[in-house]
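Welcome! Here is a short tour of a few spots worth finding in the model shown below.

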Amino acid sequence: MQRTEKRKIVLVGTGMVGMSYAYAVLNQNLCDELVLIDINRQKAAGEAMDLNHGVAFSGGNMEIYAGEYKDCRDADLVVLTAGLPQKEGQTRLELLKENRKIFRSILEPILENDFHGIFLVATNPVDIMAKIVYEISGFPAERVIGTGTALDTARLRYLLGEKFMIDPRNMHAYVMGEHGDSEFVPWSQAMMATKSIFDLCSETSDCHFQEMLEIEEEVRVSAYKIIEAKKATYYGIGMAMARITKAIFGNEYSVLTVSALLQGEYGEKGVFIGIPCVVNRNGIVKIIELSISAEEKQRLHMSCETLRNTSRELE
């Protein structure tokens, strides 16, 4: 059947994260038109040329080029990976203030060119940056999506799959909260197929719940380990962004732990945070409220408070 609806993505920021995403999009044939925008126009042009030389080996016939903000007018998805990395001696708040300025300079021309699609935000700290996009753009909350804890959840499932020798896709567990140090795993909701992780662990030789807590800590610090070894992380997040893109363009109604605006769910309001959500062609159509324990609800509250305090400091 011939596709009649053209899928168009504008990617703002052609650093390692942006280009890992672009490479994943090309390999998975996730769109028909990919526009690269960067403050360094020459770099964007070079990246587009390099990707175009691989189109013949991909499964589609994608149009890829370096563009301008006017190209956002008919885009379905604007993906934001632009921003400064944290410098030595720079506080997180100082970095945030710089990246907010950058985002304002990016969002103004995007909005001036009548963009009406969905924003996908990957720039860190992603929960705060998603909230900044929401506030500056005035878009409905469902059309602003942060990558949230999608990658952290994938890391968790990979490690659980390794531990129990099960395909990670059959490990149903989530990382919730801030994409950062206050994130946590609601173990009460972790399952292999329909068997709880507690039952699975009790039936597995040499398995103690302490190991699950060690896996949770491994997920939390894995980015630090990667950065220590190779200075940055980009392949995993690029793949996570591609997965979210696939859910949007495929109108999948998939459950993904993206950063979304809480509006009363879990008793929390006014904060973007990583939470299981249903994602389809319209963005976030539903936030799923899991039956988490009182202790887990408190951990989510503390994570929300961490983000609220950062937002207050920013203001």
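F198 sits in helix α6, which covers residues 197-203, in what is a predicted model. Is F198 buried, exposed or partly exposed? With a relative accessibility of 40%, F198 counts as partly exposed, because that class lies between the buried limit of under 20% and the exposed limit of over 50%. F198 also joins F209 and L213 in making a nonpolar surface patch of about 240 Å².

Next, have a look at the sheet. Three strands build an open sheet, and their order is β7-β8-β9 with antiparallel pairing. The edges are taken by β7 (171-172) and β9 (195-196); each has a single partner strand, so one side of each has no neighbour in the sheet. Strands of a sheet are held in pairs by backbone hydrogen bonds, in either a parallel or an antiparallel way. Here, β7 pairs with β8 (residues 191-192) through two bridges, in the antiparallel sense. To find this pairing on screen, look for H172, which stands opposite M191 in β8.

Our last stop is R104, a residue of helix α3 (residues 92-112). R104 has a relative accessible area of 42%, so R104 is partly exposed. Which distance separates the C-alpha atoms of R104 and S137? They are 9.2 Å apart, while 33 residues separate the two along the chain.

Here are the two helix residues of this tour, side by side:

| Residue | Helix | Relative accessibility |
|---|---|---|
| F198 | α6 (residues 197-203) | 40%, partly exposed |
| R104 | α3 (residues 92-112) | 42%, partly exposed |

How values were computed:
Residues numbered from 1 in each chain as written. Predicted model: local features only at pLDDT ≥ 70, side-chain atom pairs only at ≥ 80, totals over all residues. Heavy atoms only, no water. Patch = residues over 30% accessible without salt bridge, like charges linked within 9 Å, V, L, I, M, F, W, Y side chains within 5 Å. Areas by Shrake-Rupley, 256 points an atom, 1.4 Å probe, with all protein chains shown as cover. Salt bridge = Lys/Arg side-chain N within 4 Å of Asp/Glu carboxyl O. Helix = DSSP H or I, 4+ residues; strand = E, 2+ residues; numbered from the N terminus. Buried < 20%, exposed > 50% of the residue type's maximum accessible area, 1.4 Å probe, protein only. Pairing = 2+ DSSP bridges.
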